Amino acid sequence: MVKYEFPKDFWWGSAASGPQTEGVYDGDGKGESLWDFWYQTEPEKFFNQVGPEKTSRFYQKYAEDIQLMKETGHTSYRTSIQWSRLIPNGTGEVNPQAVEFYNKVIDELIANDIEPFINLYHFDIPMALQREGGWLNRKTVDAYVVFAKTCFELFGDRVKKWFTHNEPIVPVEAGYLYQFHYPNEINLRHAVQVGFHELLSSAKAIEAYHAMKLDGEIGIILNLTPSYPRDETNPADVKAAAIADAFFNRSFLDPSVKGTFPTELVEILKEIDHLPIYEADDLETIANNTVDILGINYYQPRRIKAKETPIDGTHGPMPDDYFDNYEMPGRKMNIYRGWEIYEKGIYDILTNVRENYGNIRCYISENGMGVENEERFINEAGQVEDDYRIDFVKDHLRYVHQAIQEGSNVQGYHMWTCMDNWSWANAYKNRYGFISVNLDKEGERTIKKSGHWFKQMTEAHGFDD
Ligand code: BGP
């Protein structure tokens, strides 16, 4: 028997976000976000036309939910403050009901010995700012910094773990390259500018937080997708994988942790005349304000081969001009989400962070498995028997454990997610939670088998095999 024992103070919990859990209620004072707008204008783009309004109802059920977190062994929980709830127009007036709500959530978590990890931006720009160009417009950076400072002032006495952005590459890819989030553009110039502004906003929020000398730390959460070449002995494949890595991982990882941009990426963007527009001292701001801590979201690897298909120039240059995605024969798939499951990827990321990023303190901020139609697995007691999710977590934790043995500074593991929540355009198609949510019964919650297992496992600080 092998024992996988984790440090006693390892953070165990789950992650979610405001826009995916809270819901929208008449008279709650919340302003319109990009998601509210997009759903109202094109509901058919959302799975079964389910929008963000009611769904998980965390806004009403937070106290009950926090009890369920306890029952599922959480010692920490990440959510985000919705910018459009706190500052409904993106700039200006603060919504007092939002202050009250987030105060209650934070206090309730702390009262239950669950440490709040608070993220500031999870794909949810206030629509008033999006109408003026969103992250393309530098004004959004300034507005975001005011929003961030407002959060630090209001909640920084109790919240000790802050994150500036969740997966900042996603708005870049989804909104400006591959069309899965509004505004659904295909425009590399815009994509680069959006990414640069997000990054600059992160550095400026870090600068503001450190200047306030609050007793806590601040980081960023990145989805890292290790890029594996089809053939490690083929230099063209290796080069293509390195370029994909520069575009999708190092574009945020390097500046966030080291304060510098990857040379490969800068050279490519310079060559095709697609560098972002920036001001004289921006690079210094980014260099001087790196993160205290890194959150790592890991779902899937990226498999790459040298470019074989013709370059499609319809929309101008694209990252894909430099590589092709490679479907590795025999890969293990999560067929519902269409993502490869490759558990060792989590170890490779942690090793890379240890060897090449100063072994910065980090934690696994998301990892999880979305499964469609989980009703199939409901037993007579009404519980989802999701053994596949327990296996998924164990299979990843074994590698996290190995990374720790080898000296990785990884300090926790958060599952995506606590209770089934609204997955953007996929809405409630794939369920990720430790706790099921019944949409037909006003969001009734039931702990799944994995939730009970997680409690046992976290109380034992690990598991035996
Ligand atoms: C991450 C996001 C989450 C969450 C998760 C699952 O990229 O940070 O917001 O949604 O992925 O992915 P999806 O909802 O697309 O299935």
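Analyst: Two strands count as paired if DSSP finds at least two bridges between them. By that rule, this predicted model has a closed barrel of eight strands in the order 2-3-4-5-6-8-13-15, with parallel pairing. Neighbouring strands of the barrel are turned by 25° against each other on average, direction ignored.

User: How do you know that strand 8 and strand 13 pair?

Analyst: The cut-off is at least two bridges. Strand 8 (residues 293–297) and strand 13 (residues 362–366) have four, in the parallel sense, so the pair qualifies under the rule. Within this pair, Ile296 has Ile364 of strand 13 as its bridge partner.

User: What makes helix 7 a helix that packs on this sheet?

Analyst: Contact requires heavy atoms within 4.5 Å. Helix 7 (residues 138–155) touches strand 5 (161–166) and strand 6, and its direction makes about 160° with that of strand 5. An angle over 145 degrees counts as roughly antiparallel, so helix 7 and strand 5 fall in that class at about 160°.

User: Which strands stand at the edges of the open sheet, and why?

Analyst: The open sheet has three strands in the order 7-9-10, with mixed pairing. Strand 7 (227–229) and strand 10 (324–325) each have a single partner strand, so one side of each lacks a neighbour in the sheet.

User: Why is the pairing in that sheet called mixed?

Analyst: Strands of a sheet can pair either parallel or antiparallel. Here strand 7 and strand 9 pair in the parallel sense over three bridges, while strand 9 (residues 302–305) and strand 10 pair in the antiparallel sense over two bridges. Ile304 takes part on both sides: Pro229 has Ile304 as its bridge partner in strand 9, and Ile304 stands opposite Asn325 in strand 10.

User: How do you know that both faces of strand 9 are covered?

Analyst: Buried means under 20% relative accessible area. Arg302 and Ile304 on one side are buried, as are Arg303 and Lys305 on the other.

User: Is His315, in the loop between strand 9 and strand 10, buried, exposed or partly exposed, and why?

Analyst: His315 has 41% relative accessibility. Buried would need under 20% and exposed over 50%, so His315 counts as partly exposed. Its C-alpha is 9.4 Å from that of Leu177, although the two are 138 residues apart in sequence.

User: What makes helix 8 largely enclosed by the rest of the structure?

Analyst: Eight of the eight residues of helix 8 (residues 169–176) are buried, so the helix is largely enclosed. Among them are Ile169, Glu173 and Tyr176. These buried residues pack against helix 6 (127–130), helix 9 (188–211), strand 6 (217–223), helix 10 (235–257) and strand 9.

User: Why are helix 13 and helix 14 called roughly parallel to each other?

Analyst: The axes of helix 13 (residues 344–356) and helix 14 (residues 387–405) come within 8 Å and cross at roughly 25°. Angles under 35 degrees count as roughly parallel, and the two helices are therefore put in that class. The crossing is right-handed.

User: Which residues meet where helix 13 and helix 14 are in contact?

Analyst: Lys344, Ile346, Tyr347 and Leu350 of helix 13 meet His396, Tyr399, Val400, Gln402 and Ala403 of helix 14. The residues of this contact divide into six nonpolar, two polar and one charged.

Terms used
Residues numbered from 1 in each chain as written. Predicted model: local features only at pLDDT ≥ 70, side-chain atom pairs only at ≥ 80, totals over all residues. Heavy atoms only, no water. Axes fitted to C-alpha atoms, helices over the stretch in contact; angles between N-to-C directions. Parallel < 35°, antiparallel > 145°, perpendicular 65-115°, else oblique. Left-handed = near helix turned anticlockwise from the far one by under 90°. Nonpolar A, V, L, I, M, F, W, Y, C, P; charged D, E, K, R; others polar. Buried < 20%, exposed > 50% of the residue type's maximum accessible area, 1.4 Å probe, protein only.
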